[in-house]
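Trainee: Could you take me through one spot in this model up close, and then walk outward from there? I'd like to see how a single position fits into its surroundings.

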Amino acid sequence: MIKIKAKNVDVFYGKKQALYNIGLDIEENQVTALIGPSGCGKSTFLRCLNRMNDVIDICSVKGEILINDFNINDKSCDVVRLREKIGMVFQKPNPFPKTVYENISYGPTIHGMAQSKQEMDEIVETSLKKAALWEEVKDRLHEAGTGLSGGQQQRLCIARAISVRPEVILMDEPCSALDPIATAQIEELIDELKKEHTIIIVTHSMAQAARVSQNTGFFHLGHLIEHGSTDKIFKNPDNTKTQDYITGRFG
Amino acid sequence: MNLILFTFIVLLGFTSYYFGRKKAYTIQSSNKRLTALPQFYGYYLAIWCAIPAFIIFSLWAIFEPTIVKLLVLSDYSNQGYLDDELNLIYEKTKSLSRGQFTGEITPFIEASAEKYLSLRSIAQSSKAVIVLSIIIASVAYAYKRISSNSRTREPVEKFLNAVLFTASLAAILTTVGIVFSLIFQTIDFFKVIPLFDFVFGTHWYPAKAFVRDSSEALDPSMYSDTFGAVPIFAGTFFIAFIAMCVAIPIGLMSGIYLAEYASSKVRQYAKPLIEILAGIPTVVYGFFAALTVGPFLKELGTSMGLEVSAESALAAGGVMGIMIIPFISSLSDDVITSVPQSLRDGSYAMGATKSETIKRVIFPAALPGIVGSILLGVSRAIGETMIVVMASGLAANLTLNPLESTSTITAQIVVILIGDQAFGDPKTQAAFALGMSLFLVTLCLNIVALRVVKKYREKYE
């Protein structure tokens with residue numbers, strides 16, 4: 001089933017065009033990887049999906065992005081509700097300078113999802129369990145989240161993102177600041193999370209894309225060159241550029 | 001004379017730098033590797049020029065006057081003069097040699113003045129000769145010593161280290177000196193006035209001490225009920241409190257606006273405009289408070305049936321608050337701006353609105369810096385002088401009514417030390433005691449500020 005449908009998306013930073021006429025369908029409860037060389041626009045596209053580009057003054061987005069058949073670029077779209085539905089995990093772990101508990105309870109609090117302390121405790125526990133972090137932090141819930149290791153911080157950020165039960169989770173190179181062991185943990189986690197969430201992950205690592213994703217889109221210089229099932233993109237791409245990138249001839 | 005000599009030494013310094021570097025280039029051109037960049041060889045020689053010069057100049061400054069004095073006064077020895085008389089003769093000699101002597105000129109004094117002058121000129125020229133020859137000798141020695149494998153970088157770095165250390169030492173020693181100058185006068189003050197009366201007395205009226213007969217000056221019972229500092233401490237904190245009531249909300253909100261809401265264009269103009277407030281001399285704020293705000297408040301109060309003094313704590317505190325706004329707004333703006341964008345992104349991506357993000361993420365993260373800026377503002381408010389002198393009145397009333405006039409520590413110090421004062425008089429020493437207490441208060445404030453900042457740092461980083 002199609003969860004997100006992007007049609008004719010153009011993005012401009014001031015006068016400079018960053019994305020050209022992107023059209024991409026994203027399947028529900030699957031992992032879609034966006035790959036491509038640096039500066040190709042894959043992160044920009046990812047940020048279109050929860051309207052994070054709004055934060056950048058000079059950035060403007062044109063075209064339609066339909067999530068559950070609703071155009072999020074429409075004026076009637078409430079960005080706060082949208083971002084509640086579409087969670088995001090960033091390249092560098094960015095836990096808030098608060099305790100582990102407060103990091104998780106942040107989203108549910110601002111969206112009024114818990115009526116009591118008990119409910120909140122439950123949300124925090126389930127989120128941390130889903131992010132495979134509970135065992136490591138259950139005794140230090142009230143210590144600073146910034147005191148965790150890099151891999152733990154990133155899983156904390158994932159737990160924070162799933163605490164508001166989003167339908168989609170966007171991941172912008174979530175493992176690029178982590179060591180191989182932490183990376184393996186997160187990849188395992190992604191596989192687990194796709195049961196309940198639709199996941200879109202931007203990655204620089206081809207191997208990671210091949211390992212975690214079912215579908216892959218290849219971006220180059222602001223164009224979506226090719227997209228399809230990960231198997232096909234990696235084994236038998238239609239486009240020679242894709243072939244070259246995947247075999248490591250450029251990028 | 002000294003100036004010419006100094007210029008000459010500086011020129012010598014440059015020349016030795018040049019020669020040092022040149023020698024390094026020569027070594028380099030003969031295909032030998034140097035142990036440091038050629039400049040270091042130059043600096044090394046320049047230091048060999050500067051250090052001896054500095055040592056000789058200091059020695060000269062220390063010993064020349066003593067030796068000249070001994071030589072001049074040697075004519076008078078064995079004539080039965082007392083030390084004090086000899087000192088007087090020497091002072092007369094010196095002023096005569098400067099042509100400033102107004103009394104009766106005796107041939108004796110004239111002779112010693114001539115001797116003094118000739119000794120001085122001998123001292124000057126011998127200083128020049130000695131300095132220059134030693135410098136040249138030391139530079140020549142160092143020049144001969146440097147070779148491809150001599151160490152030049154390390155001594156130069158060490159020298160820089162020492163220079164920087166001296167600079168910071170100068171600042172610290174000045175502080176220590178100021179504290180000591182306060183301490184001794186303060187101790188003298190408390191010999192006459194009991195500490196208890198000063199700290200807990202509620203009546204401050206130093207003018208009463210001034211009119212007393214000097215024979216009674218050291219009789220403590222005469223000063224009872226004169227130097228009770230409670231009213232002025234209360235006034236100080238009260239006015240500072242009013243000032244912070246104005247400055248914290250406005251400063252903080254404008255800081256948040258500038259950092260988070262203002263477009264880059266607004267920010268570009270608004271920030272310098274707010275900072276202009278910080279550039280206004282406090283004396284201008286003072287007459288703004290005394291001549292504009294004070295009378296305005298009085299009129300406003302009268303029209304509402306309130307009794308308002310023309311010199312009210314409210315006027316002084318309010319204007320002081322305006323003065324402090326830019327400190328708080330500018331500093332908190334800087335702190336908020338330096339909160340990493342990734343935290344904002346993280347919060348927005350959770351679906352938080354701008355105000356939620358500011359309230360729950362950015363503000364806590366920036367809190368140490370904000371607290372620091374507020375405490376900085378408080379110590380400004382407590383130490384501020386001109387506005388309170390002009391606008392809050394000089395009579396030390398013990399009151400918590402903002403519409404009445406009160407006085408502050410700083411204003412009282414000004415009142416006491418303006419015009420003629422006698423040293424050793426409790427009234428004058430009271431100013432030092434006040435200065436000391438002010439210093440202690442701001443010191444405590446700074447310590448608390450550092451503690452608070454450190455505590456939050458530990459929690460958040």
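Mentor: Let's start with A:Asn29, which is partly exposed, because 15 other C-beta atoms lie within 10 Å of its own. That count falls between the two cut-offs: 20 or more would make a residue buried, 12 or fewer exposed. Keep in mind that this is a predicted model.

As for where A:Asn29 sits, look in the loop of chain A between β2 and β3 (31–35). Leave out the neighbours within four places in sequence, and A:Asn29 is in contact with A:Lys194, A:Lys195 and A:Thr198. There's a long jump along the chain here: A:His197 is 168 residues from A:Asn29 in sequence, yet their C-alpha atoms are 5.4 Å apart.

One of those contacts, A:Thr198, takes us into β8(A), the strand that covers residues 198–202. Of its 5 residues, 5 are buried. Both faces are covered, with A:Thr198, A:Ile200 and A:Val202 on one side and A:Ile199 and A:Ile201 on the other. That split fits the usual pattern, since side chains in a regular strand alternate between the two faces of the sheet.

Now for the partners of β8(A). β3(A) runs parallel to it and is joined to it by 4 bridges, and A:Thr32 stands opposite A:Ile200. Strand β7 (residues 168–172) of chain A is parallel to β8(A) as well, through 5 bridges; there, A:Ile169 stands opposite A:Ile199.

Go back to the loop and step the other way, into β2(A). Here you meet an open sheet of 4 strands in chain A, in the order β2-β1-β4-β5, with antiparallel pairing. Its edges are β2 (16–27) and β5 (70–71), each pairing on one side only. β2(A) is held to β1 (residues 2–13) of chain A by 8 bridges, the two running antiparallel. A:Tyr13 has A:Lys16 as its bridge partner in β2(A).

Chain A has company, too: 22 of its residues are in contact with 18 residues of chain B. On the chain B side, α12 (341–349), α13 (354–383) and α16 (426–460) each supply at least two residues. α12(B) gives the largest share, 6 residues. By class, that side of chain B has 9 nonpolar, 4 polar and 5 charged residues.

Chain B itself is divided into domain 1 (2–151) and domain 2 (221–460), and the C-alpha centres of the two lie 51 Å apart. Have a look at helix α5 (residues 153–192) of chain B while you're there: its 40 residues reach 59 Å from first C-alpha to last, close to the 58 Å expected at 1.5 Å a residue. The number buried among those 40 residues is 4, so α5(B) lies largely in the open. The buried ones are B:Leu182, B:Gln185, B:Thr186 and B:Phe189. For reading that set, remember that an α-helix has 3.6 residues a turn, so residues three or four places apart point the same way.

For a contrast with that helix, turn to the largest nonpolar core, which has 121 residues. Those with the most contacts inside it are B:Ala243, B:Ala289, B:Ala316, B:Val319 and B:Ile387. Helix α11 (residues 313–337) of chain B gives the most to this core, 14 residues. Take B:Ala243 as a way in: neighbours within four places aside, its contacts are B:Gly317, B:Met320, B:Gly321, B:Ile324 and B:Ala381.

Technical notes:
Residues are numbered from 1 along each chain as its sequence is written. Chains are lettered from A and ligands numbered from 1 in the order in which they are written. This is a predicted model: local features need pLDDT of at least 70, side-chain atom pairs count only at pLDDT 80 or more; totals for chains, interfaces and linings use all residues. Domain bounds come from an automatic or database domain assignment. Two strands pair if DSSP finds at least two bridges between them. Two residues are in contact if their C-beta atoms, placed from the backbone, lie within 7 Å. Ala, Val, Leu, Ile, Met, Phe, Trp, Tyr, Cys and Pro count as nonpolar, Asp, Glu, Lys and Arg as charged, and the others, Gly among them, as polar. The expected span of a helix is 1.5 Å times one less than its number of residues. A nonpolar core is a set of buried Ala, Val, Leu, Ile, Met, Phe, Trp, Tyr and Cys residues joined through C-beta atoms within 7 Å.
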